[in-house]
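Okay, thanks for making time, everyone. Let me put the structure up and we'll walk through it together.

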Amino acid sequence: MIITKQKDPNSILETISKYKSFFLIGCSECASLCGTGNEDALKDMAGFLKSNGKEVTGMMVPKTGCQTLGTKIELKKDKDACEAADAIIVMSCGAGTQSATEIFKDKPVYPANDSLFLGNMTRFQMFDERCSLCGECIIGKTAGICPITNCPKGLLVGPCGGMSDGKCEVSPDTPCAWVRIYERQKALGNLEEMKEVIEPKDWSKGQKPGTLATRKDKKELTE
Amino acid sequence: MSFKEALESGKFVVTAEVGPPKGTDISEMLHHIDLLKGKIDAANVTDNQSAVMRINSLSVCKIAMDKGLEPILQMTCRDRNRIGLQSDLLGASILGIHNVLCMTGDHVSAGDHKEAKPVYDIESVQLLRIVDSLNRGKDMMGSDLKGSTKFFQGAVVTPEANPIEPQLMKFEKKVNAGANFFQTQAIYDIEKFRTFMAHARKFPVKVLAGFVVLKSSGMANFLNKFVPGINVPQDLIDELKAAGKEKALDTGLNITARHIKQLNEEKICDGVHIMAIGMEDKVPIIMERAGLL
Ligand code: SF4
Ligand code: SF4
(Lines give C-alpha, C1' and ligand atoms only; values in the text may rest on other atoms or scores of the structure.)
(Ligands and ions follow the chains in the order given, each with its own letter.)
Protein backbone atom coordinates (compact mmCIF):
# COMPACT_ATOMS: atom_id res chain seq x y z
CA MET A 1 0.00 0.00 0.00
CA ILE A 2 0.99 3.66 -0.32
CA ILE A 3 2.36 4.99 2.93
CA THR A 4 1.47 8.56 3.82
CA LYS A 5 2.28 10.91 6.66
CA GLN A 6 0.42 14.07 7.46
CA LYS A 7 2.30 17.29 6.76
CA ASP A 8 3.03 19.71 9.57
CA PRO A 9 -0.41 21.38 10.00
CA ASN A 10 1.16 24.83 10.16
CA SER A 11 2.79 24.30 6.78
CA ILE A 12 -0.64 23.35 5.41
CA LEU A 13 -2.09 26.58 6.80
CA GLU A 14 0.71 28.51 5.12
CA THR A 15 0.07 27.01 1.67
CA ILE A 16 -3.68 27.57 1.84
CA SER A 17 -3.48 31.03 3.40
CA LYS A 18 -5.15 32.68 0.38
CA TYR A 19 -8.37 30.73 0.83
CA LYS A 20 -11.13 30.73 3.39
CA SER A 21 -13.33 27.66 2.84
CA PHE A 22 -12.45 24.06 2.12
CA PHE A 23 -13.90 20.68 1.22
CA LEU A 24 -11.92 17.70 2.58
CA ILE A 25 -11.41 14.41 0.77
CA GLY A 26 -9.87 11.33 2.41
CA CYS A 27 -9.51 7.73 1.21
CA SER A 28 -10.77 4.51 2.73
CA GLU A 29 -7.84 2.42 1.51
CA CYS A 30 -4.15 3.00 2.25
CA ALA A 31 -4.58 6.45 3.78
CA SER A 32 -7.12 5.05 6.23
CA LEU A 33 -4.75 2.27 7.26
CA CYS A 34 -2.08 4.89 7.75
CA GLY A 35 -4.47 6.99 9.81
CA THR A 36 -4.06 9.96 7.46
CA GLY A 37 -7.24 9.84 5.40
CA ASN A 38 -9.93 8.14 7.53
CA GLU A 39 -13.03 9.77 8.98
CA ASP A 40 -11.25 10.66 12.25
CA ALA A 41 -8.30 12.24 10.48
CA LEU A 42 -10.66 14.36 8.39
CA LYS A 43 -12.59 15.45 11.49
CA ASP A 44 -9.35 16.42 13.24
CA MET A 45 -8.31 18.43 10.21
CA ALA A 46 -11.70 20.16 10.08
CA GLY A 47 -11.35 21.08 13.75
CA PHE A 48 -7.85 22.40 13.20
CA LEU A 49 -8.91 24.51 10.22
CA LYS A 50 -11.91 25.93 12.07
CA SER A 51 -9.80 26.82 15.10
CA ASN A 52 -7.61 28.77 12.70
CA GLY A 53 -10.44 30.80 11.28
CA LYS A 54 -11.18 28.69 8.22
CA GLU A 55 -14.49 27.19 7.11
CA VAL A 56 -15.12 23.57 6.18
CA THR A 57 -18.02 23.15 3.77
CA GLY A 58 -18.02 19.36 3.94
CA MET A 59 -15.95 16.21 3.83
CA MET A 60 -16.03 12.79 2.23
CA VAL A 61 -14.04 9.57 2.37
CA PRO A 62 -14.22 7.92 -1.07
CA LYS A 63 -13.72 4.19 -1.32
CA THR A 64 -10.58 4.38 -3.43
CA GLY A 65 -9.25 7.86 -3.95
CA CYS A 66 -6.90 6.91 -6.75
CA GLN A 67 -9.79 5.49 -8.76
CA THR A 68 -10.62 8.75 -10.49
CA LEU A 69 -13.95 7.84 -12.08
CA GLY A 70 -15.36 6.14 -8.97
CA THR A 71 -14.36 9.07 -6.77
CA LYS A 72 -15.97 11.49 -9.19
CA ILE A 73 -19.25 9.57 -9.01
CA GLU A 74 -19.11 9.34 -5.20
CA LEU A 75 -18.57 13.09 -4.98
CA LYS A 76 -21.81 13.85 -6.82
CA LYS A 77 -23.80 13.75 -3.58
CA ASP A 78 -21.53 16.48 -2.16
CA LYS A 79 -21.85 18.75 -5.18
CA ASP A 80 -23.12 21.77 -3.25
CA ALA A 81 -20.56 21.50 -0.45
CA CYS A 82 -17.78 21.20 -3.02
CA GLU A 83 -19.01 24.18 -4.95
CA ALA A 84 -19.22 26.28 -1.80
CA ALA A 85 -15.54 25.67 -1.07
CA ASP A 86 -12.71 27.94 -2.29
CA ALA A 87 -10.34 24.98 -2.45
CA ILE A 88 -10.08 21.22 -1.92
CA ILE A 89 -7.77 19.59 0.62
CA VAL A 90 -7.01 15.96 -0.08
CA MET A 91 -5.94 13.64 2.71
CA SER A 92 -4.75 10.64 0.74
CA CYS A 93 -1.60 9.92 -1.27
CA GLY A 94 -0.36 12.03 -4.17
CA ALA A 95 -2.31 9.86 -6.59
CA GLY A 96 -5.62 10.42 -4.81
CA THR A 97 -4.80 14.13 -4.65
CA GLN A 98 -4.37 14.20 -8.41
CA SER A 99 -7.70 12.43 -8.88
CA ALA A 100 -9.14 15.55 -7.28
CA THR A 101 -7.05 17.78 -9.55
CA GLU A 102 -8.62 16.00 -12.48
CA ILE A 103 -12.15 16.11 -11.07
CA PHE A 104 -12.12 19.75 -9.99
CA LYS A 105 -11.18 21.56 -13.16
CA ASP A 106 -11.59 25.05 -11.71
CA LYS A 107 -10.68 24.68 -8.04
CA PRO A 108 -7.26 24.61 -6.44
CA VAL A 109 -6.35 21.28 -4.83
CA TYR A 110 -3.89 20.91 -1.91
CA PRO A 111 -2.28 17.81 -0.41
CA ALA A 112 -2.45 17.41 3.36
CA ASN A 113 -0.11 14.40 3.32
CA ASP A 114 3.36 13.49 2.16
CA SER A 115 3.45 10.25 0.17
CA LEU A 116 6.44 8.26 1.35
CA PHE A 117 6.67 4.84 -0.25
CA LEU A 118 5.02 1.63 -1.28
CA GLY A 119 5.07 -0.23 1.99
CA ASN A 120 4.31 -3.43 3.78
CA MET A 121 2.40 -3.15 7.03
CA THR A 122 4.53 -5.18 9.42
CA ARG A 123 2.37 -4.44 12.46
CA PHE A 124 -0.59 -2.13 13.01
CA GLN A 125 0.42 1.24 11.56
CA MET A 126 4.07 0.20 11.22
CA PHE A 127 5.31 0.24 7.65
CA ASP A 128 8.46 -0.77 5.83
CA GLU A 129 9.43 -0.18 2.24
CA ARG A 130 10.23 -3.33 0.30
CA CYS A 131 9.63 -2.48 -3.37
CA SER A 132 10.36 0.67 -5.37
CA LEU A 133 8.26 -0.29 -8.40
CA CYS A 134 11.34 -0.29 -10.62
CA GLY A 135 9.61 -1.66 -13.69
CA GLU A 136 11.42 -4.99 -13.96
CA CYS A 137 11.52 -7.24 -10.94
CA ILE A 138 14.86 -8.95 -10.34
CA ILE A 139 14.28 -10.52 -6.94
CA GLY A 140 14.09 -13.94 -8.55
CA LYS A 141 17.89 -13.60 -8.61
CA THR A 142 18.32 -12.19 -5.13
CA ALA A 143 16.63 -14.69 -2.85
CA GLY A 144 13.33 -12.82 -2.94
CA ILE A 145 14.85 -9.76 -1.24
CA CYS A 146 14.91 -6.52 -3.22
CA PRO A 147 18.36 -4.89 -3.15
CA ILE A 148 17.10 -1.94 -5.17
CA THR A 149 14.90 -0.98 -2.24
CA ASN A 150 16.52 -2.54 0.83
CA CYS A 151 20.03 -1.33 -0.02
CA PRO A 152 20.19 2.49 0.13
CA LYS A 153 22.58 2.40 -2.82
CA GLY A 154 20.44 -0.05 -4.76
CA LEU A 155 23.48 -2.24 -5.44
CA LEU A 156 23.01 -5.32 -7.61
CA VAL A 157 26.31 -7.15 -7.19
CA GLY A 158 26.99 -7.58 -3.48
CA PRO A 159 27.70 -5.64 -0.29
CA CYS A 160 29.64 -2.38 -0.42
CA GLY A 161 32.72 -1.64 1.66
CA GLY A 162 30.58 0.20 4.18
CA MET A 163 28.91 -2.93 5.52
CA SER A 164 29.89 -3.41 9.14
CA ASP A 165 29.16 -6.50 11.24
CA GLY A 166 26.28 -7.29 8.90
CA LYS A 167 24.79 -3.83 9.27
CA CYS A 168 24.29 -1.15 6.64
CA GLU A 169 26.68 1.77 6.16
CA VAL A 170 23.80 4.20 5.77
CA SER A 171 21.53 3.12 8.62
CA PRO A 172 23.52 1.16 11.20
CA ASP A 173 20.36 -0.22 12.80
CA THR A 174 19.34 -1.95 9.59
CA PRO A 175 20.87 -5.17 8.35
CA CYS A 176 22.81 -4.91 5.08
CA ALA A 177 20.50 -6.08 2.31
CA TRP A 178 23.31 -8.05 0.71
CA VAL A 179 24.15 -9.87 3.91
CA ARG A 180 20.47 -10.81 4.16
CA ILE A 181 20.51 -12.04 0.56
CA TYR A 182 23.71 -13.96 1.23
CA GLU A 183 22.30 -15.63 4.34
CA ARG A 184 19.05 -16.57 2.68
CA GLN A 185 20.75 -17.94 -0.43
CA LYS A 186 23.03 -19.95 1.84
CA ALA A 187 20.10 -21.30 3.87
CA LEU A 188 18.29 -22.21 0.65
CA GLY A 189 21.39 -23.93 -0.69
CA ASN A 190 21.47 -21.45 -3.60
CA LEU A 191 24.76 -19.68 -2.94
CA GLU A 192 25.83 -20.41 -6.50
CA GLU A 193 23.19 -17.93 -7.66
CA MET A 194 24.97 -15.14 -5.85
CA LYS A 195 27.97 -15.59 -8.14
CA GLU A 196 26.06 -14.19 -11.08
CA VAL A 197 26.79 -10.56 -11.89
CA ILE A 198 23.40 -8.97 -12.44
CA GLU A 199 23.47 -6.67 -15.46
CA PRO A 200 23.06 -2.93 -14.95
CA LYS A 201 19.42 -2.12 -14.45
CA ASP A 202 17.32 -1.16 -17.46
CA TRP A 203 15.80 2.01 -16.06
CA SER A 204 13.86 2.63 -19.25
CA LYS A 205 11.50 -0.08 -18.01
CA GLY A 206 10.40 2.21 -15.22
CA GLN A 207 10.26 5.44 -17.20
CA LYS A 208 7.93 8.09 -15.78
CA PRO A 209 5.03 8.59 -16.12
CA GLY A 210 4.13 4.91 -16.23
CA THR A 211 1.10 3.94 -18.26
CA LEU A 212 -0.57 0.59 -18.78
CA ALA A 213 -3.78 -0.57 -20.38
CA THR A 214 -4.85 -4.13 -19.72
CA ARG A 215 -8.45 -3.71 -20.82
CA LYS A 216 -8.88 -5.30 -24.18
CA ASP A 217 -10.92 -2.61 -25.92
CA LYS A 218 -8.62 0.10 -24.57
CA LYS A 219 -5.63 -1.86 -25.77
CA GLU A 220 -7.06 -1.91 -29.24
CA LEU A 221 -7.84 1.77 -28.90
CA THR A 222 -4.25 2.68 -28.14
CA GLU A 223 -2.70 0.44 -30.74
CA MET B 1 58.74 2.80 -14.89
CA SER B 2 54.99 3.25 -14.84
CA PHE B 3 52.78 2.01 -12.01
CA LYS B 4 51.59 -0.87 -14.18
CA GLU B 5 55.13 -1.81 -15.20
CA ALA B 6 56.28 -1.59 -11.60
CA LEU B 7 53.55 -3.97 -10.46
CA GLU B 8 54.18 -6.35 -13.32
CA SER B 9 57.95 -6.30 -12.70
CA GLY B 10 57.40 -7.65 -9.21
CA LYS B 11 58.68 -4.51 -7.50
CA PHE B 12 57.11 -3.83 -4.10
CA VAL B 13 55.10 -0.76 -5.06
CA VAL B 14 53.94 2.14 -2.92
CA THR B 15 50.92 4.28 -3.61
CA ALA B 16 49.53 7.15 -1.56
CA GLU B 17 46.73 9.64 -1.85
CA VAL B 18 46.25 13.16 -3.08
CA GLY B 19 43.08 14.72 -1.75
CA PRO B 20 41.68 17.55 -3.89
CA PRO B 21 40.61 20.52 -1.74
CA LYS B 22 37.25 22.23 -1.56
CA GLY B 23 37.90 25.46 -3.43
CA THR B 24 40.30 26.74 -6.02
CA ASP B 25 43.34 27.37 -3.82
CA ILE B 26 45.42 24.29 -4.53
CA SER B 27 48.75 25.47 -3.12
CA GLU B 28 48.78 22.96 -0.25
CA MET B 29 47.79 20.12 -2.57
CA LEU B 30 50.58 21.07 -4.99
CA HIS B 31 52.99 20.95 -2.07
CA HIS B 32 51.78 17.42 -1.24
CA ILE B 33 52.30 16.38 -4.84
CA ASP B 34 55.88 17.69 -4.69
CA LEU B 35 56.49 15.78 -1.45
CA LEU B 36 55.32 12.50 -2.96
CA LYS B 37 56.69 12.58 -6.50
CA GLY B 38 59.80 10.59 -7.21
CA LYS B 39 59.22 8.58 -4.04
CA ILE B 40 56.00 6.63 -4.58
CA ASP B 41 54.92 4.75 -7.69
CA ALA B 42 51.53 6.39 -8.11
CA ALA B 43 48.99 8.45 -6.20
CA ASN B 44 45.26 7.89 -5.96
CA VAL B 45 43.35 11.09 -6.51
CA THR B 46 40.20 10.78 -4.46
CA ASP B 47 36.72 11.36 -5.88
CA ASN B 48 34.70 13.63 -3.58
CA GLN B 49 35.92 11.49 -0.70
CA SER B 50 33.37 10.69 2.01
CA ALA B 51 30.77 12.31 -0.23
CA VAL B 52 32.17 15.74 0.59
CA MET B 53 32.12 18.02 -2.47
CA ARG B 54 35.58 18.98 -3.69
CA ILE B 55 37.54 19.53 -6.93
CA ASN B 56 36.95 16.57 -9.23
CA SER B 57 39.49 13.80 -9.43
CA LEU B 58 40.08 14.09 -13.17
CA SER B 59 41.44 17.67 -13.12
CA VAL B 60 43.77 16.91 -10.23
CA CYS B 61 44.99 13.72 -11.94
CA LYS B 62 46.04 15.85 -14.90
CA ILE B 63 47.87 18.33 -12.66
CA ALA B 64 49.65 15.52 -10.78
CA MET B 65 50.68 13.92 -14.04
CA ASP B 66 52.04 17.21 -15.42
CA LYS B 67 54.04 17.63 -12.23
CA GLY B 68 55.53 14.15 -12.63
CA LEU B 69 53.44 12.14 -10.19
CA GLU B 70 51.58 9.26 -11.85
CA PRO B 71 47.88 9.43 -10.92
CA ILE B 72 45.29 6.76 -10.25
CA LEU B 73 41.87 8.15 -11.06
CA GLN B 74 39.40 7.17 -8.36
CA MET B 75 35.91 6.85 -9.74
CA THR B 76 32.83 6.34 -7.63
CA CYS B 77 29.35 5.58 -8.93
CA ARG B 78 27.65 7.94 -6.50
CA ASP B 79 27.55 11.13 -8.56
CA ARG B 80 27.37 10.14 -12.23
CA ASN B 81 25.19 7.83 -14.26
CA ARG B 82 26.53 5.41 -16.85
CA ILE B 83 26.74 8.12 -19.52
CA GLY B 84 28.69 10.50 -17.27
CA LEU B 85 31.08 7.77 -16.11
CA GLN B 86 31.91 6.53 -19.60
CA SER B 87 32.30 10.06 -20.87
CA ASP B 88 34.72 10.94 -18.05
CA LEU B 89 36.65 7.73 -18.68
CA LEU B 90 37.13 8.68 -22.33
CA GLY B 91 38.14 12.15 -21.19
CA ALA B 92 40.71 10.71 -18.79
CA SER B 93 42.08 8.54 -21.53
CA ILE B 94 42.76 11.40 -23.97
CA LEU B 95 44.50 13.30 -21.18
CA GLY B 96 46.86 10.36 -20.74
CA ILE B 97 45.42 9.11 -17.46
CA HIS B 98 45.43 5.34 -17.67
CA ASN B 99 45.04 4.05 -14.09
CA VAL B 100 41.55 3.91 -12.72
CA LEU B 101 40.21 2.66 -9.41
CA CYS B 102 36.55 1.65 -9.61
CA MET B 103 34.51 2.00 -6.44
CA THR B 104 30.89 2.25 -5.42
CA GLY B 105 31.43 5.31 -3.23
CA ASP B 106 30.25 6.40 0.20
CA HIS B 107 26.58 7.31 0.39
CA VAL B 108 25.63 11.00 0.20
CA SER B 109 24.36 10.76 3.77
CA ALA B 110 28.01 10.57 4.91
CA GLY B 111 28.92 13.85 3.27
CA ASP B 112 28.20 17.57 3.24
CA HIS B 113 25.35 17.56 0.70
CA LYS B 114 23.00 15.17 2.47
CA GLU B 115 20.05 16.34 0.39
CA ALA B 116 21.66 15.21 -2.89
CA LYS B 117 20.14 12.44 -4.98
CA PRO B 118 22.53 9.47 -4.86
CA VAL B 119 23.02 8.03 -8.35
CA TYR B 120 24.39 4.44 -8.22
CA ASP B 121 23.04 3.83 -11.70
CA ILE B 122 25.75 1.20 -11.86
CA GLU B 123 28.24 0.00 -9.25
CA SER B 124 31.86 -1.03 -8.84
CA VAL B 125 31.72 -4.46 -10.51
CA GLN B 126 29.70 -3.17 -13.43
CA LEU B 127 32.05 -0.16 -13.73
CA LEU B 128 35.03 -2.53 -13.99
CA ARG B 129 33.23 -4.35 -16.79
CA ILE B 130 32.59 -1.06 -18.56
CA VAL B 131 36.28 -0.12 -18.33
CA ASP B 132 37.17 -3.51 -19.76
CA SER B 133 34.73 -2.93 -22.60
CA LEU B 134 36.12 0.54 -23.38
CA ASN B 135 39.58 -1.05 -23.49
CA ARG B 136 38.22 -3.40 -26.13
CA GLY B 137 36.85 -0.52 -28.21
CA LYS B 138 33.17 -0.76 -27.27
CA ASP B 139 30.94 1.23 -25.00
CA MET B 140 28.75 -0.63 -22.51
CA MET B 141 25.96 -0.90 -25.05
CA GLY B 142 28.34 -2.65 -27.45
CA SER B 143 28.64 0.29 -29.84
CA ASP B 144 32.02 0.86 -31.47
CA LEU B 145 34.26 3.57 -30.11
CA LYS B 146 36.38 5.69 -32.40
CA GLY B 147 39.59 4.75 -30.63
CA SER B 148 39.70 2.56 -27.55
CA THR B 149 41.08 3.24 -24.07
CA LYS B 150 44.00 1.47 -22.39
CA PHE B 151 43.10 1.54 -18.75
CA PHE B 152 44.85 -0.38 -16.03
CA GLN B 153 41.94 -0.87 -13.71
CA GLY B 154 41.81 -1.61 -10.04
CA ALA B 155 39.30 -2.01 -7.26
CA VAL B 156 39.05 -2.08 -3.49
CA VAL B 157 38.52 -4.90 -1.04
CA THR B 158 37.96 -5.11 2.73
CA PRO B 159 39.98 -8.10 3.98
CA GLU B 160 38.44 -7.94 7.46
CA ALA B 161 34.80 -7.44 6.49
CA ASN B 162 32.38 -9.22 8.80
CA PRO B 163 30.82 -11.43 7.51
CA ILE B 164 33.69 -12.06 5.08
CA GLU B 165 32.07 -14.51 2.62
CA PRO B 166 29.91 -12.00 0.67
CA GLN B 167 32.93 -9.67 0.50
CA LEU B 168 35.09 -12.47 -0.92
CA MET B 169 32.40 -13.29 -3.46
CA LYS B 170 32.39 -9.67 -4.54
CA PHE B 171 36.20 -9.72 -4.70
CA GLU B 172 35.99 -12.62 -7.13
CA LYS B 173 33.37 -10.81 -9.20
CA LYS B 174 35.74 -7.84 -9.41
CA VAL B 175 38.58 -10.10 -10.55
CA ASN B 176 36.37 -11.63 -13.22
CA ALA B 177 35.20 -8.17 -14.28
CA GLY B 178 38.78 -7.25 -15.15
CA ALA B 179 40.37 -5.79 -12.03
CA ASN B 180 44.15 -5.95 -12.32
CA PHE B 181 45.01 -4.67 -8.89
CA PHE B 182 43.38 -4.19 -5.51
CA GLN B 183 43.94 -1.67 -2.77
CA THR B 184 42.62 -2.79 0.58
CA GLN B 185 40.86 -1.10 3.46
CA ALA B 186 43.37 -0.26 6.20
CA ILE B 187 44.83 -3.36 7.84
CA TYR B 188 46.46 -3.64 11.27
CA ASP B 189 46.73 -7.36 11.80
CA ILE B 190 49.36 -8.96 9.57
CA GLU B 191 48.41 -12.52 10.48
CA LYS B 192 44.77 -11.97 9.52
CA PHE B 193 45.90 -10.27 6.35
CA ARG B 194 48.10 -13.25 5.58
CA THR B 195 44.98 -15.44 5.66
CA PHE B 196 43.23 -13.11 3.25
CA MET B 197 46.26 -13.14 0.93
CA ALA B 198 46.29 -16.93 0.89
CA HIS B 199 42.86 -16.63 -0.73
CA ALA B 200 43.70 -13.66 -2.96
CA ARG B 201 46.81 -15.41 -4.30
CA LYS B 202 44.55 -17.89 -6.10
CA PHE B 203 43.71 -15.11 -8.52
CA PRO B 204 45.91 -13.35 -11.08
CA VAL B 205 45.74 -9.93 -9.42
CA LYS B 206 48.10 -7.66 -7.53
CA VAL B 207 47.22 -6.61 -4.01
CA LEU B 208 48.35 -3.46 -2.23
CA ALA B 209 47.71 -3.48 1.51
CA GLY B 210 46.06 -0.32 2.83
CA PHE B 211 47.54 1.71 5.70
CA VAL B 212 46.19 4.51 7.82
CA VAL B 213 48.71 5.79 10.39
CA LEU B 214 47.48 5.61 13.98
CA LYS B 215 48.09 8.95 15.67
CA SER B 216 46.92 7.90 19.13
CA SER B 217 45.14 5.14 21.02
CA GLY B 218 42.04 7.33 20.88
CA MET B 219 42.14 7.29 17.11
CA ALA B 220 42.52 3.51 17.12
CA ASN B 221 39.45 3.15 19.31
CA PHE B 222 37.56 5.53 17.04
CA LEU B 223 38.46 3.51 13.94
CA ASN B 224 37.42 0.27 15.65
CA LYS B 225 34.11 1.75 16.61
CA PHE B 226 33.12 3.74 13.55
CA VAL B 227 34.98 2.61 10.45
CA PRO B 228 33.64 -0.51 8.72
CA GLY B 229 36.14 -3.31 8.19
CA ILE B 230 38.86 -1.84 10.44
CA ASN B 231 40.08 -3.81 13.46
CA VAL B 232 43.04 -2.44 15.37
CA PRO B 233 44.29 -5.21 17.68
CA GLN B 234 44.57 -4.46 21.40
CA ASP B 235 48.37 -4.87 21.53
CA LEU B 236 48.81 -1.96 19.09
CA ILE B 237 46.43 0.18 21.13
CA ASP B 238 48.48 -0.67 24.24
CA GLU B 239 51.71 0.18 22.44
CA LEU B 240 50.34 3.62 21.50
CA LYS B 241 49.09 4.20 25.01
CA ALA B 242 52.43 3.26 26.54
CA ALA B 243 54.21 5.69 24.22
CA GLY B 244 52.40 8.63 25.84
CA LYS B 245 50.94 11.72 24.18
CA GLU B 246 54.25 13.13 22.94
CA LYS B 247 55.46 10.00 21.25
CA ALA B 248 52.15 8.53 20.06
CA LEU B 249 52.40 9.76 16.48
CA ASP B 250 56.00 8.64 16.17
CA THR B 251 55.00 5.23 17.51
CA GLY B 252 52.14 5.12 14.98
CA LEU B 253 54.60 5.82 12.18
CA ASN B 254 56.87 3.06 13.51
CA ILE B 255 54.00 0.57 13.61
CA THR B 256 53.09 1.35 9.99
CA ALA B 257 56.71 1.15 8.86
CA ARG B 258 57.22 -2.12 10.76
CA HIS B 259 54.15 -3.68 9.13
CA ILE B 260 55.12 -2.50 5.66
CA LYS B 261 58.63 -3.86 6.16
CA GLN B 262 57.24 -7.25 7.16
CA LEU B 263 54.88 -7.40 4.17
CA ASN B 264 57.77 -6.59 1.86
CA GLU B 265 60.33 -8.92 3.41
CA GLU B 266 57.96 -11.85 3.64
CA LYS B 267 56.50 -11.07 0.22
CA ILE B 268 53.00 -11.28 1.63
CA CYS B 269 51.53 -8.89 -0.94
CA ASP B 270 52.62 -6.77 -3.92
CA GLY B 271 52.84 -3.37 -2.34
CA VAL B 272 51.17 -0.91 -0.02
CA HIS B 273 48.75 1.96 -0.24
CA ILE B 274 49.35 4.64 2.39
CA MET B 275 46.36 6.84 3.18
CA ALA B 276 48.01 9.75 4.98
CA ILE B 277 44.85 11.87 5.34
CA GLY B 278 46.55 15.23 5.76
CA MET B 279 49.94 13.86 6.84
CA GLU B 280 51.41 13.52 3.36
CA ASP B 281 54.74 14.81 4.70
CA LYS B 282 54.96 11.64 6.80
CA VAL B 283 54.81 9.29 3.81
CA PRO B 284 58.53 9.60 2.97
CA ILE B 285 59.37 9.09 6.69
CA ILE B 286 57.36 5.87 6.78
CA MET B 287 58.99 4.68 3.58
CA GLU B 288 62.44 5.43 4.95
CA ARG B 289 61.78 3.55 8.19
CA ALA B 290 60.35 0.65 6.19
CA GLY B 291 63.55 0.54 4.18
CA LEU B 292 61.90 1.56 0.94
CA LEU B 293 63.78 4.83 0.33
S1 SF4 C 1 13.23 -5.49 -8.19
FE2 SF4 C 1 11.91 -3.74 -8.72
S3 SF4 C 1 9.85 -4.60 -8.86
FE4 SF4 C 1 11.11 -6.12 -7.78
S5 SF4 C 1 10.82 -5.69 -5.63
FE6 SF4 C 1 12.61 -4.54 -6.27
S7 SF4 C 1 11.86 -2.51 -6.88
FE8 SF4 C 1 10.09 -3.88 -6.74
S1 SF4 D 1 25.96 -1.77 3.63
FE2 SF4 D 1 24.76 -3.19 2.37
S3 SF4 D 1 22.69 -2.34 2.31
FE4 SF4 D 1 24.03 -0.73 3.07
S5 SF4 D 1 24.62 0.47 1.26
FE6 SF4 D 1 26.22 -1.08 1.53
S7 SF4 D 1 25.55 -2.84 0.31
FE8 SF4 D 1 23.78 -1.49 0.55
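Let's begin with the surroundings of ligand 1: by class, that shell holds eight nonpolar residues and two polar ones, with no charged residues. Keep in mind that what you're looking at is a predicted model.

So who are these neighbours? Around ligand 1 you'll find Cys131(A), Cys134(A), Cys137(A) and Cys146(A), along with Leu133(A), Ile138(A), Ile139(A) and Ile148(A). Ser132(A) and Thr149(A) are on that list too.

Now over to ligand 2. Its shell has nine nonpolar and two charged residues, and no polar ones. The residues around ligand 2 include Cys151(A), Cys160(A), Cys168(A) and Cys176(A). Lys153(A) and Glu169(A) are there as well, and so are Pro152(A) and Pro159(A).

Stepping back to the whole of chain A: this chain is split into domain 1, covering 2–116, and domain 2, covering 133–198. Their C-alpha centres sit 39 Å apart.

Okay, next up is the partner chain. How many residues of chain A are in contact with chain B? It's 28, and they meet 25 residues of chain B. Together the two chains bury about 2,300 Å², with 58% of that on carbon and sulfur atoms.

As for salt bridges, the count between chain A and chain B is one. Glu199(A) and Arg129(B) make it through their side chains, at 3.2 Å from N to O. On the chain A side, the residues touching chain B are 16 nonpolar, five polar and seven charged. And across that interface, 15 residue pairs are in polar contact.

Definitions and conventions:
Residues are numbered from 1 along each chain as its sequence is written. Chains are lettered from A and ligands numbered from 1 in the order in which they are written. This is a predicted model: local features need pLDDT of at least 70, side-chain atom pairs count only at pLDDT 80 or more; totals for chains, interfaces and linings use all residues. Side-chain values use heavy atoms; hydrogens and water are left out. Domain bounds come from an automatic or database domain assignment. A residue is near a molecule or strand if one of its heavy atoms lies within 4 Å of it. Ala, Val, Leu, Ile, Met, Phe, Trp, Tyr, Cys and Pro count as nonpolar, Asp, Glu, Lys and Arg as charged, and the others, Gly among them, as polar. Contact means heavy atoms within 4.5 Å. Buried area is the accessible area (1.4 Å probe) that two parts lose on being put together, summed over both. A salt bridge is a side-chain nitrogen of Lys or Arg within 4 Å of a carboxyl oxygen of Asp or Glu. A polar contact is a pair of N or O atoms within 3.5 Å; within protein, one must be able to donate a hydrogen and the other to accept it, and residues adjacent in sequence count only if both atoms are side-chain atoms.
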